[in-house]
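Dear colleague,

I am passing on the structure we discussed, and below it you will find notes on what turned up when I went through it. Please read them with the model open beside you.

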Amino acid sequence: TPRVFSGIQPSGGLTLGNYLGAIKRFVDMQDSGIETIYCVVDMHAITVWQDPEALRRQTRELTAGYLASGLDPQKSILFNQSQVAGHAQLGWIFNCVARLGWMNRMTQFKDKAGKNAEKASLGLYAYPALMAADILLYHATHVPVGEDQKQHVELTRDIAAKFNHDYGTEFFPMTEPVIEGAATRVMSLRDGSKKMSKSDPSDASRINMTDDADAIAKKIRKAKTDPDGLPSEVKGLEGRPEARNLVNIYSALSGQGVDEVLAMAGGKQFSEFKPMLVDLAVDKLAPISTEMARLMQDPAQIDAILAAGSDRARAIADPILQKTYEIVGMVGAK
Ligand code: AQP
């Protein structure tokens with residue numbers, strides 16, 4: 001039976017990229033009736049420095065973002081990673097399965113470590129093995145992610161395959177990444193070649209889920225574009241990453257195909273299209289940010305939701321971890 005797992009790092013505020021590339025699709029999968037498990041991956045977040053107070057706030061705010069976007073703790077398991085020890089425990093086993101050569105090919109490590117990789121944490125390097133543990137601890141079959149995470153889900157399959165091969169078992173499933181829709185890679189509003197990211201130093205590069213209508217309007221109005229108007233066909237967006245990005249965002253927010261958006265907006269100048277995008281974005285995002293702010297008034301309630309979700313997550317994870325220990329040869333595995 002299919003089981004969905006995914007997660008987001010509480011490493012900053014949520015962006016429109018996280019919403020369209022991940023959360024909105026988490027909600028769709030939940031509402032389609034599949035078993036869904038969504039995690040706030042706080043242990044991944046600390047692979048780069050996080051101020052403890054900020055980490056607590058961001059963990060609660062991300063949970064509020066999940067809830068405000070339509071994730072329902074009755075339908076989905078919602079929890080934070082550090083409360084289920086099995087993630088770290090299976091992560092260690094996978095550190096011993098993954099090969100250095102595989103890790104060396106991970107492009108996200110290269111991007112995040114930058115030129116001074118000697119100063120990066122060992123955790124940042126091992127991140128994809130922990131991510132494999134997140135997924136396989138639940139025998140998840142499907143992982144909805146943005147395009148940037150594709151390589152990590154492929155590594156998860158490599159780890160599962162090597163474990164199964166080395167121990168002569170078929171214990172771990174081959175998980176499928178689910179990367180679909182118009183917004184699998186939302187780009188920076190300032191640079192069409194960079195993805196929109198929580199940790200981009202420029203706040204103008206992204207729309208935060210907590211931005212108010214004025215901030216959203218200002219950022220979209222200032223978004224980089226080229227001097228041409230909108231084409232009426234998709235092929236007219238080739239070689240125009242900034243134009244394509246705004247059209248993709250419109251498409252994902254409205255639920256219309258890119259071709260439908262262009263059929264409606266083709267021939268318009270950006271001076272006309274941007275206000276339409278502002279209206280749509282404010283219309284879709286303002287209720288979410290209002291609800292997030294309301295939920296943040298009661299952090300104890302958020303913590304209780306995470307604690308209850310962690311109990312449910314542990315109930316699935318524990319037998320899988322124990323079976324893994326038994327396969328590996330750990331004495332005392334139950
Ligand atoms: N720009 C994006 N477009 C589409 N999807 C995106 N995702 C992130 N950015 C975009 C998807 O959001 C999920 C959670 O990502 P993450 O928190 O695990 O870390 P990330 O991919 O590294 O995201 P950020 O926002 O860029 O965080 P920082 O700045 O901390 O590195 C994933 O499914 C991701 O694909």
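**Strands, core and ligand shell**

In strand 2, I37 stands opposite I77 in strand 3. Please keep in mind throughout that this is a predicted model. The two strands, strand 2 covering residues 35–40 and strand 3 covering residues 76–80, run parallel and are joined by 5 bridges.

Strand 3 is mostly covered, with 5 of its 5 residues buried. In a regular strand the side chains alternate between the two faces of the sheet. Here both faces of strand 3 are covered, since S76, L78 and N80 are buried on one side, while I77 and F79 are buried on the other.

I37 appears again in the largest nonpolar core, which has 87 residues, and where I37, F94, A132, I159 and I249 are those with the most contacts inside it. That core draws at least three residues from each of domain 1 (3–178 + 298–328) and domain 2 (203–292). As to I159, once its neighbours within four places in sequence are left aside, this residue is in contact with F94, V97, A98, A129 and A132.

Turning to the ligand, 22 residues surround it, and the closest are G17, G21, G146, S197 and S199. The residues of this shell divide into 12 polar, 6 nonpolar and 4 charged. Helix 1, which spans residues 16–31, gives the most to the shell, contributing 4 residues.

With best regards

Note on methods:
Residues numbered from 1 in each chain as written. Predicted model: local features only at pLDDT ≥ 70, side-chain atom pairs only at ≥ 80, totals over all residues. Near = placed C-beta within 6 Å. Nonpolar A, V, L, I, M, F, W, Y, C, P; charged D, E, K, R; others polar. Buried ≥ 20, exposed ≤ 12 C-beta atoms within 10 Å, placed from the backbone. Pairing = 2+ DSSP bridges. Core = buried A, V, L, I, M, F, W, Y, C linked by C-beta atoms within 7 Å. Domains from an automatic or database assignment. Contact = placed C-beta atoms within 7 Å.
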